[in-house]
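Q: Please take a close look at one pocket of this structure, and then place that pocket in the setting of the chains around it. A connected account is preferred to a list.

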Protein chains: 2
Amino acid sequence: MSQPCTKFPGLWKIVAWDEAFFQGRRQEFTAECSDVRACGFQTVRSLRIESGAWAGFEHLGFQGQQFVLERGDYPHWEAWSGSHAYHVERMSSFRPIACANHRDSRMTIFEQENFLGRKGELSDDYPSLPAMGWGSSAVSSFRAHSGAWVCSQFPGYRGFQYILESDRHAGEYKRFREWGSHAQTAQVQSIRRIQQ
Amino acid sequence: MSQPCTKFPGLWKIVAWDEAFFQGRRQEFTAECSDVRACGFQTVRSLRIESGAWAGFEHLGFQGQQFVLERGDYPHWEAWSGSHAYHVERMSSFRPIACANHRDSRMTIFEQENFLGRKGELSDDYPSLPAMGWGSSAVSSFRAHSGAWVCSQFPGYRGFQYILESDRHAGEYKRFREWGSHAQTAQVQSIRRIQQ
């Protein structure tokens, strides 16, 4: 169901600091980092995305709460955290999102797990799924055909966020436990394309 | 520069509760409310948007921090608050966003105040303005030609949010003090259309 993504060298660059507001130890990364402590960071407290789209993670090894990071400045953890459900003041690992493609992103969402029940075809940004006619406050499975997407718990892209990529899991996310290691609910009220 | 918006009666409905998670006193509104205390609320702690797009405000009289509210469930204040810059656990007034139109939204952004300097024409959602080629982390003035927009301090629609409507101020926002009574900075890194 997915299409391959070309990983251009030089497309990704992130600058990280171990203090908020771009202070303290500074380091540049152009590829994934599964453990910022191996680079002398206790945790990352501010960052700047200079190119490419990235996924940040609460824990080492790309585990825990997920954060979409697109080009721009993030002076403190509140700038990237989408949820107060539990506060995450750290980022311990991150990696590029190879398939992000704002122009060509297609996904099918399903009311039930295992790609069953009512479905919807997406190719745009949806700040409110209910306003687009989706009758439920949940989405139970996803097929990401192209591009990369972020779905959020609340309208307007707030709350817990989960990254869905066409080049991971063959683009197939059968149940919410597969969205990420911290997913506790299938509540999804907004979905958008990720910007490279 | 702006076009008129048709205000259909019956298009807007918000249900508010004075406790989180849809508990306590409950009331429905189909038009603006400039002071929730006049309806027996100390503050609104959870809400459901049943139809239309709404703007929520921290203070009475549509003042203070702004929150875009689109169709869906908001079980607690963290669900609508986009910023930790200062925590706002209350909503004291709200009104419909008459011009929200996801299909037909056009805006011009300017690098400098008073519609001067470099400009950009927008008709889509932009989770990262820098990634779209905008060379600055600030936008200093806006002309909303059609629809209604929300711009945000950080990429991915996080941080302080400001609502820009084609039927208010004739769609013209000349300087950041005009974006809202709490605006402290012209930092804008993401902009999107508001969903009716």
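A: **The second largest pocket and its setting**

In this predicted model, the second largest pocket has a volume of about 260 Å³. Its lining is made up of 15 residues, and those closest to the pocket centre are B:Phe57, B:Phe62, B:Gln66, B:Arg95 and B:Trp179. Two strands of chain B, E5 (63–69) and E12 (158–165), each contribute at least two residues to the lining of this pocket. The largest share comes from E5(B), with 3 residues.

Strand E12 leads on to a backbone feature. The loop between E12 and strand E13 (172–173) of chain B holds B:Ala170. The phi angle of B:Ala170 is positive, near 55°, and the residue is not a glycine. With a relative accessible area of 44%, B:Ala170 is partly exposed, because the value falls between the 20% limit for buried and the 50% limit for exposed.

A second residue of this kind is B:Asn114, again not a glycine, with a positive phi of about 60°. B:Asn114 sits in the loop that runs between strand E8 (106–112) and strand E9 (116–122) of chain B. Its relative accessibility is 36%, so B:Asn114 counts as partly exposed.

A positive phi also occurs in a hairpin of chain B. There, strands E1(B) and E2(B) have 3 residues between them, and B:Phe21 takes a positive phi near 55°. The two strands of this hairpin, E1(B) and E2 (residues 23–29), pair in the antiparallel sense over 5 bridges. Within this pairing, B:Ile14 is set opposite B:Phe29 of E2(B).

E1(B) has another partner in strand E3 (residues 46–51) of chain B, to which it is joined in the antiparallel sense over 5 bridges. One bridge there is between B:Trp17 and B:Ser46, the latter in E3(B). As for solvent access, strand E1 (residues 13–19) of chain B is mostly covered, with 5 of its 7 residues buried.

Strand E2(B) spans residues 23–29. A salt bridge joins the side chains of B:Glu28 and B:Arg26, with an N to O distance of 3.2 Å. Both ends of this salt bridge can be placed on the accessibility scale: B:Glu28 is partly exposed at a relative accessible area of 39%, and B:Arg26 is partly exposed at 46%.

Chain A offers a salt bridge across two strands. A:Lys13 is bonded in this way to A:Glu28, and the closest N and O atoms are 3.4 Å apart. This pair links distant parts of the chain, with A:Lys13 in strand E1 (residues 13–19) and A:Glu28 in strand E2 (residues 23–29) of chain A, 15 residues apart. A:Lys13 has a relative accessible area of 24% and is partly exposed; A:Glu28, at 39%, is partly exposed as well.

A further salt bridge in chain A brings together A:Asp124 and A:Arg193, at 3.3 Å from N to O. A:Asp124 lies in the loop between strand E9 (116–122) and strand E10 (141–146) of chain A, and A:Arg193 lies in strand E14 (residues 190–193), so the pair ties together parts that are 69 residues apart in sequence. The two ends fall in separate accessibility classes: A:Asp124 is partly exposed at 21% relative accessibility, whereas A:Arg193 is buried at 6%. The cut-off matters for the first of these, because buried means under 20%.

The pair belongs to a wider arrangement. Through shared partners, salt bridges join A:Asp124, A:Asp125, A:Arg193, B:Asp124, B:Asp125 and B:Arg193 into one network. Over all chains, the structure holds 26 salt bridges. Side chains of opposite charge can pair when their charged atoms come close.

That network includes residues of both chains, which leads to how the copies are related. Chain B can be superposed on chain A with an RMSD of 0.0 Å, using a turn of 180° and a shift of 0.0 Å along the axis. The two copies are therefore related as by a two-fold rotation axis. The same surface serves both copies, as 100% of the contact residues of chain B recur in chain A.

To return to the pocket: its volume is about 260 Å³, and among the residues closest to its centre are B:Gln66 and B:Arg95.

Notes
Residues numbered from 1 in each chain as written. Chains lettered and ligands numbered in written order. Predicted model: local features only at pLDDT ≥ 70, side-chain atom pairs only at ≥ 80, totals over all residues. Heavy atoms only, no water. Salt bridge = Lys/Arg side-chain N within 4 Å of Asp/Glu carboxyl O. Helix = DSSP H or I, 4+ residues; strand = E, 2+ residues; numbered from the N terminus. Buried < 20%, exposed > 50% of the residue type's maximum accessible area, 1.4 Å probe, protein only. Pairing = 2+ DSSP bridges. Least-squares fit on C-alpha atoms with pLDDT ≥ 70 in both. Contact = heavy atoms within 4.5 Å. 1 Å grid on protein atoms, 1.4 Å probe; cavity = no way out; pocket = protein on both sides within 12 Å on 5 of 7 lines; lining within 4 Å. Points joined across faces, edges and corners; volume = space filled by probe spheres on them.
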